[in-house]
Amino acid sequence: ASAFVPQQPLTPRSPATSLAAVGVERNPNFAKLIGGYLFPEIGRRRTQYLEENPEMKDRVISLGIGDTTQPIPEYILSGLVGGASKLGTKEGYSGYGNEAGMLDLREKIADKLYKGIIAAEEVFVSDGAKCDIMRLQQMFGAKVISAVQDPSYPVYVDTSVMMGQTGEIDSETNQYKNIVYMPCTSENGFFPDYASMPRADIVYLCSPNNPTGAAATKEQLVEMVKLCKERGSILVFDAAYAPFIRSKDVPKSIFEIEGARDVAIEVNSFSKYAGFTGVRLGWTVIPNNLKFADGTPVRNDFNRVMSTAFNGASNIVQAGGLACLDDDGLKEIDTLIDYYLGNAKILRETMESIGYDVYGGIDAPYVFVKLPESMGGSWDAFQTILEKTQVVTIPGAGFGPGGEGYLRLSAFAPRDSVIEACERLKKALV
Ligand code: MLT
C-alpha cells in the first residue's frame, strides 16, 4: 500500500530565497515519497479546518489516529512511578542498561505473553513497534523486495521507500515499483493471497489488522507460514493489536503456528495494551532458528542493530512494563481493552444502522466502513464528514490504493465522545 497522501506544499518559515543550500545531495529515496506521513497530514487538515472555523474548536471529536485516551490504570502507573523513584536512590539508581532490555522484562514477556513458546533471549525490548519496523528495514537493507497487504499500516511501505528498496511511485496505480501489493478486500476477508503474488523476501502481515480490523484465522496463518517456508520469505508479523482478540481460536501470536519459528519475526507494543502510546515501550521477537540464506542467525544482526544504534528502552518505562505483566496489571489491561471494544461495538452498530457495510471492530479497535459511491473518494468523504460533523476520521486511501472507498474509525476515544460522534454521524449521513 503506498500510503496515498496528497502532496502538500511546505510553507517555509522564512522566504525561500533567504535559504542557502548546502552542497549535500538529497537522499533520492526521500524524493520518491509522496506527500507527508499520513497521521500528521490528518492533523494538518484538522488544524486548517479549525483555523477557518475557529468557533468549532470545542466540537471536534477525533476518531482518527489510533491514539489511546484513557488514563494509565493505578497498578501499572505505580510501576512507572516506582521505576522513576528508584533512580533517586543510591541502591536503585541505574544508568545504561542492556540494549535489548532488562532480563526480567524479557523473561516475563516470554513467560506471560508467549507461555514459553519463545525464550527470553529471543525478545528485544524497545521503544515501540514502529521504531522496530524501521530497525528491521535497516537490517534487511536496500536489496530486499517487500510485500504488504493493501491497504496496510503506512510504515511498512514508507520505510521500504526510505531504505531504497523501491522504485518511483506509479502515478496511475499509486503503487511503488518493487513492492508487492497484496490486495486485501471484503471478498478475500481482507487476508492476502500470497500464493498468487510474486515472491517477496519480506512479507508484512498485521493481525488484528490496521486499518481493516480483520483478525486472521488459524487456518489463514498456517497457510501463510507454509507459503513463506516454501518460498523462502521472512514473515514480519505485526501483533500490536493482539490483546483486542476476544474470539476463541484466533491466534494472538504468529508463534502459535507450527513452523513459524523458522520463518517469522513478531513486532509488538505496549502502546495499545496499556495506554503507552506516549510512554513508549514495545518489543520484537526473533527466534534463534531464523537464519538468512548464508546461515547467519537473523537474531545476531538485529542484536547488532540494537546494540549499535539504540541504548535500550527507558528504565522507568521498563518498570512500567513489568507492572503490566503482573496479574493486577493484566487485569487492568483487560478492563481498558473491554472499554475500547465497547466503543468499537457502538461505532460498528451505528454505521450499520445508517446502512453501510462495516468490517472489523470485533477483535480490533478499528472499524472499516465501505463508503457509498455518492460520497466520492475517501479523502473527499473525510473532508465532508469533518465539515458537516466535526468528526475526524481516516480516509482508507491513506493506507494505500486498496483502501480507497473506505473510511477507518478508531475506537480509542472517550465513551461520551464516541456516543456524541455517532449521533452526529447518524444525523449527517442517513
Ligand atoms: C494508527 O492510527 O494507525 C496508529 O495509531 C498509528 C501507530 O500506532 O503508529
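**Strand pairing around strand 12 and the residues surrounding the ligand**

In the predicted model, strand 11 (residues 358-360) is paired with strand 12 in the antiparallel sense, the two being joined over three bridges. Within this pairing, Gly360 is placed opposite Val367 of strand 12. The hairpin formed by strand 11 and strand 12 has five residues between the strands, and in this hairpin Gly361 adopts a positive phi near 75°. Strand 12 also pairs with strand 15 (residues 406-410), again in the antiparallel sense, over five bridges, and here Tyr366 stands opposite Ser410 of strand 15. Strand 12 (residues 366-370) is largely enclosed by the rest of the structure, because four of its five residues are buried.

The ligand is surrounded by Ile65, Gly66, Asp67, Lys130, Tyr153 and Asn210. When these residues are grouped by class, the shell around the ligand comprises two nonpolar, two polar and two charged residues. Both domain 1 (26-70 + 330-429) and domain 2 (74-325) contribute to the shell around the ligand, with at least three residues drawn from each.

A further position considered is Asn303, which is located in helix 9 (residues 298-309). Asn303 has 17 C-beta neighbours inside 10 Å and therefore counts as partly exposed, since the buried class begins at 20 or more such neighbours and the exposed class is reached at 12 or fewer. Asn303 and Thr166 lie 137 residues apart along the chain, and their C-alpha atoms are separated by 26 Å.

Technical notes: Residues numbered from 1 in each chain as written. Predicted model: local features only at pLDDT ≥ 70, side-chain atom pairs only at ≥ 80, totals over all residues. Near = placed C-beta within 6 Å. Nonpolar A, V, L, I, M, F, W, Y, C, P; charged D, E, K, R; others polar. Domains from an automatic or database assignment. Pairing = 2+ DSSP bridges.
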